[in-house]
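Please look at how the helices and strands of this model are arranged. The report follows.

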Amino acid sequence: MRTTEIHPGDAARTVPVVIVGAGPVGVTAALLLARRGVRSILLERHRDIYPLPRAVAMDDEVRRILQAAGVHEEFAAVSRPGRGLRLLNAEHRVMAEFPREDRGIHGYPQATFFDQPDLERLLRGALARHPECELRGGVEVLAVEQDQPGSQPGRVRVRLRDASSGTEEYLWADAVLGCDGAGGLTREAIGATWEDLHFEENWTILDVRTDLPVRSWEGADQICDAHRPGTFMRIGEDRYRWEFRLRPDEEPDPRRIRELVAPWVTVPHDDDGFEVIRQARYTFRARIADRWRQDRIFLLGDAAHLTPPFVGQGLCSGLRDAHNLTWKLARVLRQGADEGLLDTYESERKPHTRHMIRLAITMGWAMTGGQDRAASARRNALGAALRIPGLAPRVARNGHGPALTSGPLTGRGLLSGRRLGGTLVPQPWVTTAAGARVRLDDVLGDSFAVLALPSLAPSTRAAAQALGAPVVVLGASDPAPGETSVTDDGTLAAWLRSDRADAVLLRPDRIVMSTAPAGGGFTGASAWAPLLRTARRPAPDHQHPPFTSPRSSRP
């Protein structure tokens with residue numbers, strides 16, 4: 001990565017991908033593209049990382065995306081596992097507890113707390129190690145315009161201006177990713193409008209650094225009080241986040257901070273040892289853009305959707321956007337895949353995001369009670385529901401949203417009958433034949449992959465070769481040339497057998513694209529093969545090299 005300034009007289013440049021916005025979503029997209037050999041330029045109006053925390057939580061599925069971007073070990077050093085969620089009543093008595101495991105099905109803690117500036121610093125540090133990426137700070141993007149919009153994809157023109165000198169120039173790109181947030185111009189550039197999902201509340205955010213003794217159980221507290229609902233969590237060694245809903249026409253009041261945080265920490269009258277980093281008013285909204293794409297211009301993250309924070313999925317949804325889109329865009333730009341492959345970005349991500357937003361709304365209204373006449377009834381209903389035996393563990397295991405169900409790349413057609421299609425493969429630690437102990441994704445690689453029980457059908461091997469996909473076989477004593485044998489704790493074999501499958505074809509984002517039933521080959525190839533422009537039969541001399549060296553072997 002090179003961080004450069006704009007110089008007067010610079011000629012127009014052409015680059016495969018321009019990314020507007022260098023927040024976590026934009027930088028992660030650049031890293032994922034770079035790992036697939038796609039060059040990009042990131043344009044950011046700020047010259048440095050935004051210094052104040054915003055997102056503070058993510059789940060284990062999104063930790064896995066950071067692994068795909070190559071920053072998971074660095075992130076582990078600046079984050080802390082969360083024990084789960086407790087619902088407290090107005091008197092701060094525990095109504096229910098939803099525990100989170102230290103290691104979920106994706107190989108990471110099911111809940112993680114962090115300080116967003118720390119995440120952004122390590123993402124940019126990783127970007128600096130990739131010559132495929134160029135970050136240009138202090139740049140104002142003035143316009144994003146699709147050249148020759150229509151059935152034939154044209155290049156995209158991006159007009160920009162140096163914020164200091166006022167010098168203007170433009171770039172040509174094969175694709176533009178709009179990661180410029182809710183107030184950015186990319187959404188307007190493609191004519192997208194917001195669909196209002198009918199949630200809007202004003203809250204005050206309080207970020208604190210303190211060495212005072214804070215009463216924290218190392219999870220998140222949600223105060224279910226219609227008069228003053230709130231949220232609390234510890235996000236660092238000496239960093240804490242409180243959120244409180246404001247009453248209508250109320251503004252944040254610094255004089256009341258001591259009163260608000262009193263259930264957790266006793267602040268001395270001289271405020272010694274209690275540093276308020278920020279107190280700000282935020283409006284939580286639920287919205288989704290009516291379109292996420294125009295030809296080669298795409299919306300990601302807050303440019304495409306806004307969610308209340310009650311299930312901690314704002315940043316998570318944006319990183320899922322990047323993971324879903326980047327491998328498809330790389331396939332089109334570098335391997336000539338069909339343009340229709342890019343249509344699956346919105347058709348897959350939009351329903352999933354809508355589900356997560358509606359879940360956040362439902363949880364928010366249930367936990368906080370809302371501000372209407374039915375608030376008391378909702379709180380009483382929540383309390384009754386939480387007394388149902390076994391409900392809390394079921395909610396805790398509910399995962400991160402539904403499987404992807406629409407489109408040709410999900411393996412869940414009306415007649416498929418397969419339950420694994422559209423879901424993520426688990427990621428246990430595995431041991432290779434050479435004795436290396438690694439995470440599963442480090443063996444699968446960055447592209448398509450086949451995970452199988454021993455004795456693959458010939459048609460399954462042929463499909464893998466046609467895609468250039470490595471074949472990872474569970475517990476094979478004598479794997480075929482080019483295949484990798486691994487062993488695990490039994491998780492993966494049980495997962496395959498739950499769908500009576502001998503093998504699964506995994507997309508680069510680790511979603512199951514196709515399933516091979518016992519004794520058969522992969523299903524649905526007539527739908528996905530044309531989009532990938534994959535030969536039905538492999539080239540006779542093509543073999544994928546076996547796994548040789550892990551990115552990390554530390555358990």
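Axes are lines fitted to C-alpha atoms, for helices over the stretch in contact, and angles run from 0 to 180 degrees between N-to-C directions. Helices (H or I, at least four residues) and strands (E, at least two) are DSSP runs, numbered from the N terminus. The model is predicted: local features need pLDDT of at least 70, side-chain atom pairs count only at pLDDT 80 or more, and totals for chains, interfaces and linings use all residues. Residues are numbered from 1 along each chain as its sequence is written, and side-chain values use heavy atoms, with hydrogens and water left out.

**Helix crossings**

Helix α2 (residues 60–68) meets helix α7 (residues 314–335) with axes that come within 10 Å and cross at roughly 45 degrees. That makes α2 oblique to α7. (Angles under 35 degrees count as roughly parallel, over 145 as roughly antiparallel, 65 to 115 as roughly perpendicular and the rest as oblique.) The crossing of α2 and α7 is left-handed; this term applies if the near helix is turned anticlockwise from the far one by less than a right angle, and right-handed applies if clockwise. From α2, the contact (heavy atoms within 4.5 Å) uses Glu61, Val62, Ile65, Leu66 and Ala68. From α7 come Cys316, Leu319, Arg320 and His323.

Helix α1 (residues 24–34) also meets α7, with axes that come within 9 Å and cross at roughly 25 degrees. That makes α1 roughly parallel to α7. This crossing is right-handed. Pro24, Val25, Thr28, Ala29, Leu32 and Leu33 of α1 touch Leu315, Gly318, Leu319, Ala322, His323, Thr326 and Leu329 of α7.

The table sorts both contacts by class. Ala, Val, Leu, Ile, Met, Phe, Trp, Tyr, Cys and Pro count as nonpolar, Asp, Glu, Lys and Arg as charged, and the others, Gly among them, as polar.

| Contact | Nonpolar | Polar | Charged |
|---|---|---|---|
| α2 with α7 | six residues | one residue | two residues |
| α1 with α7 | nine residues | four residues | no residues |

**The eight-stranded sheet**

Eight strands form an open, mixed sheet in the order β7-β6-β14-β15-β16-β13-β17-β20. Two strands pair if DSSP finds at least two bridges between them. Which strands stand at the edges? They are β7 (94–99) and β20 (305–306). Each has a single partner strand, so one side of each is left without a neighbour in the sheet.

At one edge, β6 and β7 run antiparallel, joined by five bridges. Leu87 stands opposite Ala96 in β7. The hairpin of β6 and β7 has five residues between the strands, and His92 there takes a positive phi near 65 degrees. At the other edge, two bridges join β17 (residues 274–289) to β20, again antiparallel. Here Ile288 is opposite His305 of β20.

Helix α8 (residues 343–368) lies across β6 (84–88), β13 (194–210), β14 (220–223), β16 (239–245), β17 and β20. It runs at about 65 degrees to β13.

**Strand β24 and the loop after it**

Strand β23 (residues 449–452) pairs with β24 in the parallel sense over three bridges. Ala452 stands opposite Val473 of β24. In a regular strand the side chains alternate between the two faces of the sheet. In β24, Val471 and Val473 point one way, while Val472 and Leu474 point the other way. All four are buried, meaning under 20% relative accessible area, with exposed over 50% and partly exposed in between (1.4 Å probe, protein chains only).

Ala480 sits in the loop between β24 (471–474) and β25 (483–487). Ala480 is partly exposed, with a relative accessible area of 22%. Its C-alpha atom is separated by 9.9 Å from that of Pro454, 26 residues apart along the chain.
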